[in-house]
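Me: I would like to go through this structure slowly and ask how each label is justified. Could you set the values against the cut-offs for me?

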Amino acid sequence: MTHAPKPRPPTGSADLPLKAVLKSGVVYTCPMHPQVQTHSSGACPICGMALERLSLSAKPAPNRDLADMTRRFWISLAFALPVFVLEMGGHLAGHHVILPVRFSDGVQFALSSPVVLWGGWPFFKRGWTSVRTGRLNMFTLISLSVGVAFLYSVIGLFAPALFPLAMRGEGGGVPIYFEASAMIIVLVLLGQMLELGARERTGGAIRALLDLAPRTAKRLVDGGEDEEVSLDQVRIGDRLRVRPGEKTPVDGVILEGRVSLDESLLTGESMPVTKVAGAKVISGAINRSGAFVMKAERVGADTLLSQIVEMVAQAQRSRAPIQALADRVSGWFVPAVMGVALVAAMVWWLVGPQPRLAYGLVAAVSVLIIACPCALGLATPISIMVGVGRGARDGLLIRNAEALERLERIDTLVVDKTGTLTEGRPAVTSLTLAPGFEAKAVLRLAASLERGSKHPLAEAILREASEQKLSLCEPSAFDAPPGQGVMGVVDGLTVRLGNARFFASEGAPTPELLKAADELSRQGATAVFVSIDARSAGVFGLSDPIKPTSLAAIKALQAQGVRVVMLTGDNRQTALAVAARLGLEEVEAEVLPADKARVVDKLKAAGRHVAMAGDGVNDAPALAAAEVGVAMGPGSDVAIESAGITLLGGDLAGLVKARKLSSAVMRNIRQNLVFAFIYNAAGVPIAAGVLYPALHLMLSPQIAAGAMALSSVSVITNALRLRGVRLT
């Protein structure tokens, strides 16, 4: 397809804002010009490409344009084949062997007319629109070439006397090109049918996401009974039951039950995740264990799955900066081709062999057809559409094509520590015991005491006890002196947890435990001492654990030549300890939220291509400042909105995949562009007849039409290879 350098807004409903159009139902848009939005299907007023639905439903709607082109193709083919046989048979065996010349020409006219006038009508409409609006495109060339060839043949059949004697052949007839006109239309229809079919398949990624959500939900009613309702009837606050093997219908929180959920198709995380009461669940997750009851919190378009579908669809319609190159070339290409066709016709008419005018017409028509820049126009958007869909399958949510293109050239990654490199919440990483104490007994007493506390470190101890399935009891005489720790009575035993100062009066830590605490401090962990009945029992080591995939991801990025800089607001000692375990040499610690963006700007000012990865609200300015912002899936909505790419799995391993995808997509686009440029550069001179003086070889319009269709199909087929690219 071709585009004008500065397209004007289309007329009619395409001028409406998206939100206004959406209110009226189904909306259609152009994959190459997203600003075109209209209520009905048809052709883009800018480039002539068939419009497609702005949003897809889980149940595929019939593609009326594909059905129309398919019907026109088969009917036109049935009429065009006899025309082709008559003309080619006449050339091979002589017209009189099959039918008399005039009768054969009349039959060809009768059979080719419905092909050209009905089968090719959509192309003539698009061609006329391109002339009327001043946006010349491939349909300008097709309608002009077919129209000239068909009109020339009609005049030659019914008014041969208008042509000079030198152009007339046997019986005074003029060479006609009804078969060329008909076969060109048939081949262009075939190309359109294949293109629309390929574009239909690019929506498979979105439909696969839509298929994750069930069509119905089981809602609990008064009396504890279940009623099955359609998903659009679920309201916020409804209690829903999800049985083993079923999918979570909406986003919400578990009220009852302990289950294992498979969220891999949404997050890319291969291992099922254990969820208990109070845990959040997302729509589309598969229940791999027992039944549970949940409360709906986000329904309809507000669910994470619906938002992902919308963002994937928007990204597939977005334009990569490299598309500007194809736009600029296409902007002057069509007028240039028309000029070349005119020059070719003139040269043949002036110096070519007899019949000169016929040769000139063939050369001009062939140039107009073979130079149609449809392959050039498809080169970028088709690769972006397939690539974005491929990323969605692996939990890579790409918001726009620009982020996908820029990611390939990133050479510096600034990565937030908490929640990105680490889990983002404290956990018990060690327990050093004094002689005479047993680990589970100490953990059980400590966790029972912490049931009365809401401190994050208390939650870490409680979580550890829950994972070990320890039975807890209620503490009594609970007290929490500010800044020191907690104390109380558990099972008749006086239990204390806190820092070393808290034990100055009784239960002071032993030298061995104090030494262990110093080592924990050097590792960036927090030491929490515990005493039982005034006896020093042990010391917990609590820290924000590094995600299991962080080390391998950083090594993979460094192997790709990416410089990794850790950025954190934590104290330098903790930051350096984490950096040492990850093999990072560059650390920016104790950075205030407002200064994170300045770190990114400083690196960019030094000539680096910077990506920023983070998950918190305080990371949003830095994510926006970076060339590519990368948000962790479980992070804040603000961070996700500020980023160009979201890793639904929540770890940097997804970024390694995203860079591989970026490289694959950009390589695919360059292959398509090179092919399209070379094809047009080589095809135009051959069609104009440069090989005729040496080889007496001239390209027929039918072959030119077939080559033009083949170029588009080749570009689409190459782009579809991205669906099978390996990202691991």
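Reply: In this predicted model, the protein chain exposes about 31200 Å², and carbon and sulfur atoms supply 60% of that area. Of its 728 residues, 53% count as buried.

Me: Why is the pair of Phe109 and Phe150 called stacked?

Reply: The ring centres lie 6.4 Å apart, and rings pair if their centres lie within 6.5 Å, so Phe109 and Phe150 form a pair. The angle between their planes is 20°, and planes under 30 degrees apart count as stacked, so this pair is called stacked. The pair links distant parts of the chain, with Phe109 in helix 4 and Phe150 in helix 6, 41 residues apart.

Me: What makes Phe150 count as buried or exposed?

Reply: Phe150 has a relative accessible area of 11%, and buried means under 20%, so Phe150 is buried.

Me: And why does Phe109 count as partly exposed?

Reply: The relative accessibility of Phe109 is 25%, and partly exposed lies between the 20% limit for buried and the 50% limit for exposed, so Phe109 counts as partly exposed.

Me: How do you know that the charged end of Arg72 sits over the ring of Trp118?

Reply: The charged end of Arg72 is 4.9 Å from the ring centre of Trp118, and a charge over a ring has to be within 6 Å of that centre, so the distance condition is met. The definition also asks that the charge be within 35 degrees of the ring normal, and Arg72 is listed as sitting over the ring. Arg496 likewise lies over the face of Phe502, at 5.0 Å from the ring centre.

Conventions
Residues numbered from 1 in each chain as written. Predicted model: local features only at pLDDT ≥ 70, side-chain atom pairs only at ≥ 80, totals over all residues. Heavy atoms only, no water. Buried < 20%, exposed > 50% of the residue type's maximum accessible area, 1.4 Å probe, protein only. Areas by Shrake-Rupley, 256 points an atom, 1.4 Å probe, with all protein chains shown as cover. Phe/Tyr/Trp six-rings, centres within 6.5 Å; stacked < 30°, edge-to-face > 60°. Helix = DSSP H or I, 4+ residues; strand = E, 2+ residues; numbered from the N terminus.
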